[in-house]
Amino acid sequence: IVDIVQNEVSKRATPSVVGFTDRERLLGDAAVAQIRSNAKNTCRNFKHLLGRKVDAPDVQIERFWSTSELCECADGHAGYKVMYKGESRAMSAVEVTAMFLTKLREITEKWC
């Protein structure tokens with residue numbers, strides 16, 4: 001038996017989008033809601049960057065689709081340059097993915 005879990009807005013799918021503001025981190029539907037007003041601090045398609053170097057040809061293609069600036073992070077892999085809580089930060093694709101997966105875990109734990 002498989003249970004389909006609904007998120008906080010009663011949807012069965014949670015968008016894989018993470019947004020950063022001066023005060024908080026937004027995930028899923030909340031990040032999608034603010035993407036127009038805060039595109040430069042919104043990370044999408046981060047799953048495509050996992051384990052990839054910034055100079056890889058497929059990462060260069062992702063630059064076109066990315067709303068925030070892609071950069072090289074401390075671990076040498078691709079990530080995002082965002083403003084979070086008033087300071088510029090380089091968030092690796094692994095960090096952003098971990099934030100998103102933590103959100104999914106929280107949603108699942110509330111449901112069960």
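How many residues lie between β4 and β5 in their hairpin, and which residue in the turn has a positive phi? In this predicted model, the hairpin leaves five residues between the two strands, and the turn residue with the positive phi, about 90°, is G76. The strands themselves run antiparallel, with four bridges joining β4 (residues 69-72) to β5. One handy landmark for tracing the pairing is E69, whose bridge partner in β5 is K81.

Strand β5 (78-84) also turns up in the surroundings of helix α3, as part of what covers the buried residues of that helix. The cover further includes β1 (17-20), β2 (25-27), β3 (42-44) and β6 (87-92). As for the helix itself, α3 takes in 19 residues, from 93 to 111. At 1.5 Å a residue it should span 27 Å, and its end C-alpha atoms are indeed 27 Å apart, so the expected and modelled lengths agree.

Which residues of α3 are buried? The list runs A93, V96, T97, M99, F100, K103 and I107. Looking down the helix axis, these buried residues fall within an arc of 160°, which means that they line one face of α3. The general geometry helps in reading that list: an α-helix has 3.6 residues a turn, so positions three or four places apart point the same way. Turned away from the buried side, the other face of α3 carries V94 and E109, both exposed.

Back in the strands, β3 contains T42. This threonine is buried, with a relative accessible area of 0%. Leaving aside residues up to four places away in sequence, T42 touches V17, V18 and G19, along with A31, Q34, I35, T67 and S68.

Then there are the cysteines. Are C43 and C73 buried or exposed? C43 counts as buried, at 0% relative accessibility, and C73 is buried too, with a relative accessible area of 8%. As for disulfides, a search of the whole structure comes up with zero. Distance is why: a disulfide needs its two cysteine sulfur atoms within 2.5 Å. For C43, the closest cysteine sulfur is that of C71, 9.4 Å away, so the gap is too far for a bond. The sulfur of C73 also has C71 as its closest cysteine partner, at 4.4 Å, and that is likewise too far for a bond.

Definitions and conventions:
Residues numbered from 1 in each chain as written. Predicted model: local features only at pLDDT ≥ 70, side-chain atom pairs only at ≥ 80, totals over all residues. Heavy atoms only, no water. Expected span 1.5 Å × (residues − 1). Buried < 20%, exposed > 50% of the residue type's maximum accessible area, 1.4 Å probe, protein only. Arc of directions from axis to C-beta. Contact = heavy atoms within 4.5 Å. Pairing = 2+ DSSP bridges.
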